Amino acid sequence: MGVVTYEMEVATTIPPAKMFKAFVLDSDNLIQKILPQAIKSVTIVTLEGDGGAGIIKQVNFGEGYQFKYTKQRIDGIDQENFSYRYTVI
């Protein structure tokens with residue numbers, strides 16, 4: 001097991017809250033539209049808590065990929081500081 005930390009800083013004229021909403025909060029819908037051949041679907045496997053931390057999502061890949069799916073547990077979302085933590089399980 002290992003820990004990977006990733007930070008991304010993007011210069012844009014779009015407000016940070018709108019970027020965070022699109023790339024993090026709405027990413028399940030957006031990624032399927034951008035890469036329909038790669039991402040078949042994203043489904044909520046278990047729902048615990050308030051719809052944020054505690055949810056386990058399954059990302060299903062398209063045909064021809066090494067893995068059929070991955071599961072991600074949301075560990076925390078901080079919309080004020082634009083922070084999103086998750087664990088691949």
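Okay, one bit of vocabulary before we start: two strands count as paired when DSSP finds at least two bridges between them. Keep that in mind for the sheet. Also, what you have up there is a predicted model, so please listen with that in mind.

Let's begin with the overall layout. The protein has 89 residues, and 19% of them count as buried. Its C-alpha trace spans about 35 × 30 × 25 Å along the principal axes. For secondary structure we get two helices and four strands, and going along the sequence the order is α-α-β-β-β-β. As for contacts between residues at least 6 apart in sequence, 18% of those join residues at least 24 apart.

Now the strands. S2 and S3 run antiparallel, with five bridges joining them. If you want a place to put your finger, Ile56 stands opposite Arg73 in S3. Move on to S3 and S4, and that pair is antiparallel too, over six bridges. Two landmarks there: Gln72 is opposite Val88 in S4, and Ile77 is opposite Tyr84 in S4. The S3–S4 hairpin has four residues between its strands, and Phe82 takes a positive phi near 55° in that hairpin.

Next, a residue I'd like you to click on: Lys57, which sits in strand S2. Buried or exposed, what would you say for Lys57? Lys57 is buried, because its relative accessibility is 5%, and the cut-off for buried is under 20%. So who is around Lys57? Leaving out residues up to four places away in sequence, Lys57 touches Asp28, Val42, Thr43, Ile44, Val45, Thr70, Lys71, Gln72, Ile74 and Tyr84. Asp28 deserves a second look, since the side chains of Lys57 and Asp28 make a polar contact at 3.1 Å. Lys71 is on that list as well; C-alpha to C-alpha, Lys57 and Lys71 are 5.5 Å apart, while in sequence they are 14 residues apart.

Staying in strand S2, go along to Asn60. Asn60 also counts as buried, because its relative accessible area is 14%. With the same sequence neighbours left out, that is, up to four places away, Asn60 touches Ala38, Ile39, Lys40, Ser41, Thr43, Lys68 and Tyr69.

Last stop, the pocket. How much space lies in the largest pocket? About 1,500 Å³. Its lining runs to 38 residues, and the ones nearest the centre are Tyr6, Phe23, Val24, Tyr84 and Tyr86. You'll recognise Tyr84: that's the residue Ile77 stands opposite, and Lys57 touches it. Which elements supply at least two residues each to the lining? Helices H1 (16-25) and H2 (27-34) do, and so do strands S1 (39-46), S2 (56-61), S3 (69-78) and S4 (83-88). Split by class, the lining has 24 nonpolar residues, eight polar and six charged.

So, to recap: Lys57 is buried at 5% relative accessibility, its side chain in polar contact with that of Asp28, and the largest pocket has Tyr6, Phe23, Val24, Tyr84 and Tyr86 nearest its centre. Thanks, that's what I had.

How values were computed
Residues numbered from 1 in each chain as written. Predicted model: local features only at pLDDT ≥ 70, side-chain atom pairs only at ≥ 80, totals over all residues. Heavy atoms only, no water. 1 Å grid on protein atoms, 1.4 Å probe; cavity = no way out; pocket = protein on both sides within 12 Å on 5 of 7 lines; lining within 4 Å. Points joined across faces, edges and corners; volume = space filled by probe spheres on them. Nonpolar A, V, L, I, M, F, W, Y, C, P; charged D, E, K, R; others polar. Buried < 20%, exposed > 50% of the residue type's maximum accessible area, 1.4 Å probe, protein only. Contact = heavy atoms within 4.5 Å. Polar contact = N/O pair within 3.5 Å; in protein donor to acceptor, adjacent residues only side chain to side chain.
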